[in-house]
Every structure is written in structure tokens, then in C-alpha cells.
Amino acid sequence: MLRIIHIVPPDIEFPPIRYGGTERVAYYLLNAQVSQYRVLQKVLNEEITFEIFAKINKTFMQQLEDNISKYSIMLNLYTCPETSYDYILCAIRKILKSQKEGREKIIIHNHVIQRNSFFLLHLSSLGKNAITALHYDPPFYKFSNFISLFLKGKLIAISKNQYNRLKRFLGSALYGYVHNGIPVDEFPFCKDKGDYFISINAIAYAKGVHNAIILSRKLKTKLILIGPIRDYRYFEILRKYFDKYVTYLGEVDEETKRKLLCKARALLFPVEREEYFGLNMVEAMACGTPVIAFSRGAVPEIVQHGVTGFIGSSVEELMKYAQQLDKLDPKVIREYTRRKFSSEGMALKYALIYKSMLKS
């Protein structure tokens with residue numbers, strides 16, 4: 001029997017009702033693992049049970065109930081304190097306590113890296129059974145050279161760009177990369193688009209929301225902003241430019257977000273940081289909506305220039321590309337996303353990593 005144990009950040013409900021990239025990817029992964037239960041069994045040559053440490057909401061069990069009953073899957077839910085270090089320590093203790101004299105095989109798929117708390121897991125006796133998906137660059141990773149020599153298990157980047165940037169700091173502890181995936185067929189498809197752009201990001205300078213506002217105003221095209229406020233001083237500056245062109249909706253539920261994404265002319269993603277992945281780009285493309293973005297971090301891995309969107313290095317360059325959006329085919333954009341970024345593909349790639357760990 002193989003126990004696959006997911007440790008999900010505890011500060012947002014799982015699955016998230018509104019904003020929550022890490023939690024949403026973890027949920028998509030778990031859903032794909034459950035729906036592909038038989039495939040995973042063949043790959044791993046093991047009977048499988050699933051366990052989750054998370055802040056569970058009521059929707060969770062309803063959405064997984066059919067597959068759980070269909071395959072008679074065992075699913076155990078756990079809760080722990082919300083402080084990241086206490087949370088990881090609590091998870092370690094409960095997993096160790098539940099072990100049956102080492103007879104069971106365990107894979108721990110950790111999604112928590114706040115304040116480098118994942119080091120506690122990878123340095124513990126359970127470390128050899130653990131992988132951590134680096135949903136963003138770990139804090140203080142540039143000072144991790146020494147400690148990474150003692151890490152057990154595997155760290156997994158979520159893009160090739162992130163892998164290349166972190167490799168010299170994390171060394172052999174960084175095993176490879178797996179792109180995030182989404183359930184493409186759950187997203188609506190819209191061939192005909194509306195007369196507005198959309199930006200879905202936390203309101204913070206690094207996310208480049210100001211660039212999206214500048215771009216939309218210069219093009220005299222409406223812009224809908226969605227996302228939680230992370231920097232209130234920055235938000236106060238942006239708010240001065242909210243007018244007939246720019247509307248801020250705050251956080252919205254998943255259904256509303258998908259509907260707005262589907263009808264948008266394009267998702268604007270002119271970020272100011274080396275983006276680790278950018279889940280909202282993939283979600284937009286699943287709807288057949290192109291992406292207009294700066295070439296930062298993993299963006300060139302996600303967006304195929306001239307096919308699923310346009311990539312540039314300045315607002316002026318993106319303005320020129322915005323005039324060419326009608327040349328892009330929404331059907332091609334959606335099928336590209338299905339081939340490259342499905343949650344089923346993500347689940348299979350992680351299963352192959354699990355398999356390599358079970359053999360070592």
C-alpha cells in the first residue's frame with residue numbers, strides 16, 4: 001500500500017473559493033490523481049490511498065465524492081496549526097505517528113515553502129519520502145547552498161526558467177521541473193471575445209498591474225482588474241487611475257473569474273519579476289483567450305509567441321502586438337493548452353517522480 005500525502009498551505013481554504021494559486025494547483029493535481037487512479041496504480045504498481053493536510057472547505061468532498069466512491073479510494077483529512085513552522089512540524093508528527101512499523105510506503109508531496117519551512121520536512125527522517133513543489137522561489141534561497149547539501153528527497157521547480165535560476169543555489173537537491181496543469185475541459189471556451197482586457201493578479205508592484213493600466217489606457221480599451229490587495233500604498237497610487245477604462249473588482253469567485261476570462265480580448269501579464277510560472281496565463285489560454293505579456297521568467301515557456309499570445313519587452317512593444325490579436329485563433333490556443341498544460345499530464349509527470357523515489 002502506498003500513501004500519497006499532500007501538505008497544502010493552511011491559510012486559504014482548500015480548494016480556494018477565490019484567490020489562491022498554490023492551493024488551486026494542489027487541488028487540480030489531487031483531482032487528476034483521483035480521476036486517473038487506475039493509471040497511477042499501473043505506473044506505480046501499488047494500491048494507493050490519499051491523505052491531505054489542508055484547511056478543507058465543504059465543497060471539497062462534494063467535488064471528489066464520485067471518483068472516491070467509484071474506485072473505493074481511501075481519503076484521510078488532517079488539520080494542523082496555521083503557523084507555517086508549527087504546521088510542518090505537526091504534519092511530520094502525525095505522519096510518523098500513523099506509520100505502521102515502516103511496512104507502508106509513503107510519498108509526501110509538500111506544497112508549503114513559506115519562510116523555508118519545507119527544510120524541516122526535508123531534514124527530518126521523512127525527508128527521503130518527500131518532494132516539495134516550489135510554487136515560488138523559496139525565501140533566502142541564495143543562502144541555501146550549505147543546507148541543501150543535507151536535504152533528503154527532491155525539490156521540484158514549476159518551470160525550466162525557475163529550475164535554471166535555482167540550480168546553482170540548491171544543487172543536487174533540485175531534481176527537475178514539472179509545469180503546473182489545469183483541468184482544461186472545466187474552463188469555458190469563447191470564440192467571440194468582448195471589448196475589454198483583463199488582469200488577474202495580486203495587487204503588488206512585482207505583478208506589474210501599473211503596466212496593464214498604462215497599456216489599456218493608451219489603447220483606450222477597458223481593463224478589468226481582479227485580485228487581492230497585497231500592497232495598500234501601491235493600490236492607493238493605482239486607484240487614482242480607475243476611470244471609465246479601468247475597473248477593479250477585488251477578489252471574485254472561480255465561476256465569475258472564468259466567465260470574465262473567457263470573453264476578454266486578452267489577458268494582460270506585464271509582470272516586473274522573473275515569473276515562476278503564471279497560472280492565470282494557462283487559465284486564460286484554456287478559454288481560448290490570448291495573453292499579452294513581458295518576457296520575464298517562465299513566460300516564454302507558457303505563451304507561444306504569435307500563436308497563443310504575444311511577448312514583448314516594453315509597453316510600447318505590447319501596444320503594437322495588441323493590434324494583431326485578431327490574427328490568433330481561440331481554438332488553436334485552447335488545444336495548445338490542452339496538449340501542454342493539462343492537470344492529467346501534470347499528475348503523470350509527478351507519478352514518474354514518485355516511481356523514481358520508490359526505487360531509490
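Two strands pair if DSSP finds at least two bridges between them; strands (E, at least two residues) and helices (H or I, at least four) are DSSP runs, numbered from the N terminus. This is a predicted model, in which local features need pLDDT of at least 70 and side-chain atom pairs count only at pLDDT 80 or more, while totals for chains, interfaces and linings use all residues. Residues are numbered from 1 along each chain as its sequence is written, and side-chain values use heavy atoms, with hydrogens and water left out.

Q: How do you know that β12 and β13 are paired, and which residue is the bridge partner of A293?
A: Strand β12 (residues 291–294) is joined to β13 by 4 bridges, and the two run parallel. Pairing asks for at least two bridges, so the 4 bridges between β12 and β13 meet the criterion. Within this pair, A293 has I311 of β13 as its bridge partner.

Q: Which sheet do these strands belong to, and why are β10 and β13 placed at the edges?
A: They belong to an open sheet of 6 strands, ordered β10-β9-β8-β11-β12-β13, with parallel pairing. β10 (246–248) and β13 (309–312) each have a single partner strand, so one side of each has no neighbour in the sheet. On average, neighbouring strands here are turned by 20° against each other, direction ignored.

Q: What makes helices α8 and α10 count as packed on this sheet?
A: Contact is what decides it, meaning heavy atoms within 4.5 Å. Helix α8 (residues 209–219) touches β8 (196–200), β9 (222–226), β10, β11 (266–269) and β12, and its direction makes about 160° with that of β9. Helix α10 (residues 254–263) touches β8, β9 and β11, at about 140° to β8. These angles run from 0 to 180 degrees between N-to-C directions, with axes fitted to C-alpha atoms, for helices over the stretch in contact.

Q: What is the strand order of the sheet of 7 strands, and what makes β3 and β7 its edges?
A: The order is β3-β2-β1-β4-β5-β6-β7, in an open sheet with parallel pairing. Both β3 and β7 (174–177) have a single partner strand, so each is left with one side lacking a neighbour in the sheet. The twist from one strand to the next averages 20°.

Q: How do you know that β1 and β2 pair?
A: There are 6 bridges between them, in the parallel sense, and I4 stands opposite F50 in β2. Helix α4 (residues 84–98) lies across β1, β2, β3 and β4, running at about 165° to β1.

Q: Why is the pair F53 and Y78 called stacked?
A: Aromatic rings of Phe, Tyr and Trp (its six-membered ring) pair if their centres lie within 6.5 Å, and planes under 30 degrees apart count as stacked, over 60 as edge-to-face and the rest as tilted. The centres of F53 and Y78 are 4.7 Å apart and the planes are at 20°, so this pair is stacked. F53 sits in strand β2 (residues 48–53) and Y78 in strand β3 (residues 75–78), 25 residues apart. A search of the whole structure finds 12 aromatic pairs.

Q: Why does F53 count as buried, and how are F242 and Y248 classed?
A: Buried means under 20% relative accessible area, exposed over 50%, and partly exposed in between (1.4 Å probe, protein chains only). F53 has 1%, so it is buried. F242, at 23%, is partly exposed, and so is Y248, at 22%.

Q: What makes F242 and Y248 a stacked pair?
A: Their rings are 6.2 Å apart centre to centre, with 25° between the planes. Together with F235, these two residues form one aromatic cluster.

Q: How do you know that the charged end of R258 sits over a ring?
A: The test wants NZ of Lys or CZ of Arg within 6 Å of the ring centre and within 35 degrees of the ring normal. The charged end of R258 lies 4.0 Å from the centre of the F187 ring, and sits over that ring.

Q: What makes the backbone at P15, N116 and K220 worth a look?
A: Most residues other than glycine have a negative phi, and most peptide bonds are trans. The bond from F14 to P15 is cis, with omega near 0°, and P15 lies in the loop between β1 (2–7) and α1. N116 has a positive phi, near 60°, while K220 has one of about 55°. N116 counts as buried at 9% relative accessibility, whereas K220 counts as exposed at 62%.
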